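Colleague: I'm new to this one, so could you walk me through a single part of it? I'd like a close look, in plain words.

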Amino acid sequence: MSPTSGAVLVFNAGSSSLKYQLVQPADGTVLAEGIAERIGDTGSSMTHEQNGETVTETLQLDDHLAAVRRAERFFADNGTDLADAGLSAVGHRVVHGGRSFYEPTVVTPEVISEIERISPLAPLHNPANLVGILAAQELLPDVPSVAIFDTAFFHGLPDASATYAIDRAVADEHAIRRYGFHGTSHEYVSGRVAEFLDRDPASLNQIVLHLGNGASASAIAGGQPIDTSMGMTPLEGLVMGTRSGDIDPGLVLHLNRVANLSVGEIDTLLNKRSGLRGLCGENDFRAITELMESGDDAARRAFDVYIHRLRRYLGAYAFALGRVDAITFTAGVGENSAVVRCCALAGLEGFGIVVDEERNAVRSKAARRISADGSAVEVLVVPTNEELAIARQSAAVVGG
Ligand code: ADP
């Protein structure tokens, strides 16, 4: 049997980027992966990795279809004819499923129309995800496309945590509720935690901290999320690389009325020029840590605000859960920044949370325990793998 037989091509299309990975869902083997950046802009580039070789190319990419076409040729250069590779599905990350989608969904013309209809809920993301779907369908018309929604895992949030305390009629008319995002990651990581601890997921109360450029926390009781920090949009919650996370909603009104910023300008300010970048000019934790070590006050403040918000959520979720069995760090910052993990949980021995300094300092790509022996709460680092989760869910829905 060919190594690509039954594999899933996973697409994660952003507004000017396209990440892809060819994965065997059964064992998680990554057969190839690549990224196209600055699509539709000057200086677009693409990197493709397959058979142990990495090729990077600067080329003009006018749109996502051009990127998908170039990817197809990269595959062909490596001896993989995508149309004839026996792929079971193309799995697409779609950010917002609105009220309509909360299951892995085979893409049909009706599904495309519905994703379009709910796009105003995620104007920065869903249109780009759709472009990725259309490009894949044009190139591989015989392979089913499956949409995996970032909101799906949080579909069943209890009413009390999903509901904003605003006028019910307005909320209902405009589909306003807390949807939550990064669901594929929270679901995958919390499942891995149960495996790692060799525990039945139904018996575990967990807090998962997905700390990447975007960041979110979730509280999961017996496998079911009961709260999460992102809301109607991915702007709510933790301090992120460039997003503010929680702010007083009155601030938005003030920015409009007093600072004379338009809605579009406020959108850009809160999504792209806030968070760590807004506070210290950097959004990469490696740079922030270096700046802090060199005595930079703005970087120190950014770090302190980030940690303060994180601890506030940890405390809130511990009370919401009543008992916490495991706290898990994942994504770029969570998996790599020992100082963030250490500061997030410092001084919580009274709550049964004890991090072992040496274990925390170890760098590894494997799931690992960083709590001290005897810590009542397990503290773990578990690498996320959204591509594998998307591949598995896609293969399952098409019967692969
Ligand atoms: P996203 O998928 O949201 O773009 P990632 O999960 O890839 O983000 O995380 C990216 C972030 O991870 C970077 O902006 C950086 O802050 C952080 N990061 C990556 N590697 C390290 C590292 N070695 N030490 C500290 N932070 C890191």
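Colleague: How many residues surround the ligand, and which are the closest?

Modeller: Keep in mind that this is a predicted model. The ligand has 13 residues around it, and the closest are Asn213, Gly214, Phe285, Gly332 and Asn336. Let's go through some polar contacts, starting with the ligand's oxygen atoms. One oxygen contact involves Gly214, already named among the closest residues: a polar backbone atom of Gly214 sits 3.3 Å from an oxygen atom of the ligand. Val333 also uses its backbone here, with an N or O atom 3.4 Å from an oxygen atom of the ligand. With Arg363, look at the side chain instead: an N or O atom there is 3.4 Å from a nitrogen atom of the ligand. So you can find backbone atoms of Gly214 and Val333 facing ligand oxygen, and the side chain of Arg363 paired with ligand nitrogen. Now for how much of the ligand is covered. On its own, the ligand would expose 580 Å², and the protein buries 70% of that area. If you want to trace this on screen, pick out Gly214, then Val333, and finish with the side chain of Arg363.

Conventions: Residues are numbered from 1 along each chain as its sequence is written. This is a predicted model: local features need pLDDT of at least 70, side-chain atom pairs count only at pLDDT 80 or more; totals for chains, interfaces and linings use all residues. Side-chain values use heavy atoms; hydrogens and water are left out. A residue is near a molecule or strand if one of its heavy atoms lies within 4 Å of it. A polar contact is a pair of N or O atoms within 3.5 Å; within protein, one must be able to donate a hydrogen and the other to accept it, and residues adjacent in sequence count only if both atoms are side-chain atoms. Accessible areas come from the Shrake-Rupley method with a 1.4 Å probe; for residues, only the protein chains shown count as cover.
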